[in-house]
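I'm opening my notebook on a new model today. Here is what I looked up, entry by entry.

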Amino acid sequence: MIELKYKSYKELPIGKYFEIKEKLDTITDSDSDMDIIITLIALLSDVKEDDIYNMPIKELNRLTEQVKWFFTPVKPGKAPKKVKIGEYTLVPQYDPKNISVAQYIDYSMYGGNRYKFYVECLSTFLIPEGHKYNDNY
């Protein structure tokens, strides 16, 4: 029995989200909704699409119900004052009027392809606590 490895946005790593987005973006208008669902279930389960095509329809129906969360908008939450990633405590820079010229230039470079340079884009606005942008960290 195939089970979803990721059952919510909270569990879904950002890299996996981009992999799913990239794959779903290749689906054309001629593809059916079922093609989208099968692709999504395969990616969220880390299995091959053929495994989904070969499963009983009863199992597909069960998994289809479980992936509905992916098509619902993420509820906005309160913006954090600090973000903990590994051993680092990062302070988000929310006000664009207070960023440095270096931050602006770096974001301008990375922002044109923010899916490819997602981490780099984030690094221009998430600054280690107690530091200024690009200063001794």
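I began with Tyr94, whose side chain reaches the backbone oxygen of Pro80 at 2.5 Å. That fits a polar contact, a pair of N or O atoms within 3.5 Å; within protein, one must be able to donate a hydrogen and the other to accept it, and residues adjacent in sequence count only if both atoms are side-chain atoms.

Ground rules: this is a predicted model, where local features need pLDDT of at least 70, side-chain atom pairs count only at pLDDT 80 or more, and totals for chains, interfaces and linings use all residues. Residues are numbered from 1 along each chain as its sequence is written, and side-chain values use heavy atoms, with hydrogens and water left out.

Next I checked where Tyr94 sits: in the loop between strand E2 (88-92) and helix H5 (101-111). Helices (H or I, at least four residues) and strands (E, at least two) are DSSP runs, numbered from the N terminus. Is Tyr94 buried or exposed? Tyr94 counts as exposed, at 51% relative accessibility; buried means under 20% relative accessible area, exposed over 50%, partly exposed in between (1.4 Å probe, protein chains only).

Then I looked up Asp51, which lies in helix H3 (residues 49-53). Asp51 is partly exposed, because its relative accessible area is 37%.

Last, I took Phe70. Leaving aside neighbours within four places in sequence, I found Phe70 in contact (heavy atoms within 4.5 Å) with Tyr9, Leu12, Tyr17, Ile20, Leu24 and Leu40.
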